[in-house]
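Thanks for coming. I will take one structure this morning, starting with its ligand and moving on to domains, sheet and helices.

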Amino acid sequence: MATVEVRDLRKRYQDFLALDGVSLKAESGQLVTLLGPSGCGKSTTLRCLAGFLEANGGDITVDGESILSTPANRRGFGVVFQNYALFPHMTVAENIGYGLKLQKLPKSEIETRVKDVMQLVRLGGLGDRLPREISGGQQQRVALARALVLKPKLLLLDEPLANLDARLRDEVRWLIRDLQQQSGITAFYVTHDQSEAMAMSDMVAVMKQGRVAQFATPREIYQKPVERYVADFTGEANFIACSSVMSVGEARYAVTAAGASLEVAGVPEITGSAELLLRPEALELTAPAAGTFQGTVTKSAFLGAALHCEIALADGSILKLTAEPNHQVETGEEVGIAIDHSHTWLMPEVAP
Ligand SMILES: Nc1ncnc2c1ncn2[C@@H]1O[C@H](COP(=O)(O)OP(=O)(O)OP(=O)(O)O)[C@@H](O)[C@H]1O
């Protein structure tokens, strides 16, 4: 178990600054996810952690000690990538035991540890197969077992589910989280899939152009994003520009949005222009006069478990919401929208 801290990490590829001061921390036993779109620096951060890349500035510490000068093979970390990189000519058991063999452990100990970890990742009975004789999900479990068998201080996972189909993704996702929690290994996990990040993580770092836009729990990232970029990346979101914003207490504001006056919570110390975040589940269809907002239905689609609607407000904003499936609304109909105030959140307007 290890506490791992990344402080102001910088990495340059020729004249391109890929990491521009990344800071985050995994407490012992936590799974921390790096979430963000392609090219934001997730893999670069993970490779610096693994020791495959040399940072140009900042520090990485494990239990308070800098590891930057420790070579990758002496860091004691387990690494799992999206392309499993199994040795094709070795059996499943040989692949898993390879690292232990390099450590020159007695054969009987290797056999026991390989057998135990194979049970753990549910590969029992497949030890004699070659990688090409097992499925993609099983191959990824071999890669996981190969990392876990070394009892690493830290587990680094870079899009480990990327090559799996939806059903296997789900299965391997929960297996990884279960194993990580049971073993108490600190882990960093890279993904661009927000639902994966939300479901698995203790903490999420949402990355934006080589920096961490927000580092917080999944709940906080979803409910209290610091800016639109984070809100957009972590689920369906509606934004309404506010025409007036006045502070009325600590991180509380009186705002006017789409003709309605509201008192809302938000990011502390907003001084300039601001926009209101309304998640679809915060909105409910009402009779026209009964809602906080009034608008016109521009789209409605029956999705089975819910009715998806889009409503145009008088100021031109479009609100997306999910209504109860038996609700009947027609395109062009005037409706009201009630807001659950516990689900509103004010953010400063930030240049993209
Ligand atoms: N070896 C390299 N030489 C030059 N630029 C690089 C190199 N590796 C990565 N980059 C650039 O650095 C930036 C960050 O890359 P990185 O692989 O860390 O992003 P990522 O968030 O992991 O993206 P993805 O989800 O696509 O893997 C990108 O703009 C990428 O093009």
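For the ligand, a residue counts as near when its C-beta atom, placed from the backbone, lies within 6 Å of the molecule. Please keep in mind that this is a predicted model.

With that cut-off, which residues surround the ligand? They are Tyr 13, Phe 16, Ala 18, Gly 36, Ser 38, Gly 39, Cys 40, Gly 41, Lys 42, Ser 43, Thr 44 and His 192. By type, the shell holds four nonpolar residues, seven polar ones and one charged. Two elements, β2 (16-26) and α1 (42-50), each contribute at least two residues to that shell. The largest share comes from α1, with three residues.

Next, the domains. The chain is assigned domain 1 (4-223) and domain 2 (237-348). How far apart are their C-alpha centres? The distance between the centres of domain 1 and domain 2 is 39 Å.

Now the strands. There is an open sheet of five, and its order is β15-β19-β16-β17-β18, paired antiparallel. The edge positions belong to β15 (283-286) and β18 (318-323); each has a single partner strand, so one side of each has no neighbour in the sheet. From one strand to the next, the twist averages 45°. As a reminder, side chains in a regular strand alternate between the two faces of the sheet.

Let me go through two pairings in that order. Strand β16 (residues 293-302) meets strand β17 (residues 307-313) in the antiparallel sense, over seven bridges. Ser 300 has Cys 309 in β17 as its bridge partner, and Ala 301 is bridged to His 308, also in β17. β16 and β17 make a hairpin with four residues between them, and in its turn Gly 304 has a positive phi of about 90°.

On the other side of the turn story, β17 continues to β18, antiparallel again, with six bridges joining them. Here Ala 312 is partnered with Ile 318 in β18. This hairpin has four residues between the strands as well, and Gly 316 takes a positive phi near 95°.

A further hairpin involves strand β12 (residues 252-257) and strand β13 (residues 260-265), which run antiparallel and are joined by six bridges. Ala 254 has Glu 263 in β13 as its bridge partner. How many residues lie between β12 and β13? There are two, and Ala 258 in the turn has a positive phi of about 45°.

That leaves the helices. Two packed helices are described by the angle between their axes and the distance between the axes. I have two pairs to show.

The first is helix α2 (residues 92-102) with helix α3 (residues 107-120): their axes come within 10 Å and cross at roughly 130°. α2 and α3 are therefore oblique to each other. Is their crossing left-handed or right-handed? For α2 and α3 it is right-handed.

The second pair is helix α4 (residues 136-148) and helix α5 (residues 166-183). Their axes also come within 10 Å, but the crossing angle is roughly 15°. An angle under 35 degrees counts as roughly parallel, and α4 and α5 are therefore described that way. The crossing of α4 and α5 is right-handed too.

That is what I have for today.

Technical notes
Residues are numbered from 1 along each chain as its sequence is written. This is a predicted model: local features need pLDDT of at least 70, side-chain atom pairs count only at pLDDT 80 or more; totals for chains, interfaces and linings use all residues. Domain bounds come from an automatic or database domain assignment. Ala, Val, Leu, Ile, Met, Phe, Trp, Tyr, Cys and Pro count as nonpolar, Asp, Glu, Lys and Arg as charged, and the others, Gly among them, as polar. Two strands pair if DSSP finds at least two bridges between them. Axes are lines fitted to C-alpha atoms, for helices over the stretch in contact, and angles run from 0 to 180 degrees between N-to-C directions. Angles under 35 degrees count as roughly parallel, over 145 as roughly antiparallel, 65 to 115 as roughly perpendicular and the rest as oblique. A crossing is left-handed if the near helix is turned anticlockwise from the far one by less than a right angle, and right-handed if clockwise.
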